[in-house]
Amino acid sequence: MVGHENARYGRSIMGLTPSINPRIVEGLYAEALVLADEVRARFDRSRLSPEEAGDDLARVALSCEALRTTTRIMHCMAWLLNHRAHFAGELSELQLRRHGRLIANYAQTEREALADLPLDVQRLVGESERLYQRILRLEAAWRGAPGDAPSAIERLRERLATSVRQG
C-alpha cells in the first residue's frame, strides 16, 4: 500500500510543479555536495592557519561566517535529501510536506561584514546564498502550486459524504 501511495503522490508532485523533478533535485544535490566540500576545506584552512585569519576580531567574523554558511548549505542538503527520498518512494507527499520545509527566513550575511572577509570566502558565501535562494524559490513554487489533487481533509469529507449517501 505504501509503495502504491508513494507512486500516486510522486505523479501528483510531478504534475503539480513541472519545475521540480528528480533530475533537478539530483543536479542541485550534486552542486550542494561540491559546495559543502569547498566550504569545509576553506574554513578548515582558516582554522588551521590562524595567521591567515588575522586579528581576533577577523577570526571571530570568519568563524561566524563559517557557521552561517555551513548551516545554510546543510539546510539545502536536508531539503534536497527529503525530496530525493520522496522521488525514491521512501517518503509520501504528506510526509514531505510536513517535514521537508526549508527555513524561509534564514539570515543572510551582512554586506559590511562580508566585505572584510577574504575574496574566496566572499565567493563561497555568495554561492551558498544563491543556492539557498534557488531552493527557496523551488520550495515556494512547490508549496504554493495549486493542485488537481484534493487535500487530505477534502478527501476525507468526500468519503464521509459518500458513505452517508450510501448508508
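Let me start with helix H2, where Val-25, Leu-28, Tyr-29, Ala-32, Leu-35, Ala-36, Val-39, Arg-42, Phe-43 and Ser-46 are buried. I should say at once that this is a predicted model, and that what follows is computed from it. As a reminder, an α-helix has 3.6 residues a turn, so residues three or four places apart point the same way. With that in mind, the buried positions of H2 listed a moment ago, from Val-25 and Leu-28 to Phe-43 and Ser-46, can be followed along the helix in the structure above.

H2 covers residues 22-48, and because 27 residues at 1.5 Å a residue should span 39 Å, the 38 Å between its end C-alpha atoms agrees with that expectation. At the start of this helix, a side-chain oxygen of Asn-21 comes to within 2.9 Å of the backbone nitrogen of Arg-23.

Now to the core. The largest nonpolar core has 31 residues, and those with the most contacts inside it are Trp-79, Leu-80, Leu-131 and Ile-135. H2, helix H4 (56-87) and helix H7 (119-144) each supply at least two residues of this core, and H7 gives the most, with nine residues. Taking Leu-131 as an example, and leaving aside residues up to four places away in sequence, we find that it touches Leu-28, Glu-31, Ala-32, Leu-35 and Cys-76.

Finally, the chain as a whole. It has eight helices and zero strands, and of its 167 residues, 34% count as buried. Among contacts between residues at least 6 apart in sequence, 79% join residues at least 24 apart. The accessible surface comes to about 10,300 Å², of which 58% belongs to carbon and sulfur atoms.

How values were computed
Residues are numbered from 1 along each chain as its sequence is written. This is a predicted model: local features need pLDDT of at least 70, side-chain atom pairs count only at pLDDT 80 or more; totals for chains, interfaces and linings use all residues. Side-chain values use heavy atoms; hydrogens and water are left out. Helices (H or I, at least four residues) and strands (E, at least two) are DSSP runs, numbered from the N terminus. The expected span of a helix is 1.5 Å times one less than its number of residues. Buried means under 20% relative accessible area, exposed over 50%, partly exposed in between (1.4 Å probe, protein chains only). A polar contact is a pair of N or O atoms within 3.5 Å; within protein, one must be able to donate a hydrogen and the other to accept it, and residues adjacent in sequence count only if both atoms are side-chain atoms. A nonpolar core is a set of buried Ala, Val, Leu, Ile, Met, Phe, Trp, Tyr and Cys residues joined through side-chain atoms within 4.5 Å. Contact means heavy atoms within 4.5 Å. Accessible areas come from the Shrake-Rupley method with a 1.4 Å probe; for residues, only the protein chains shown count as cover.
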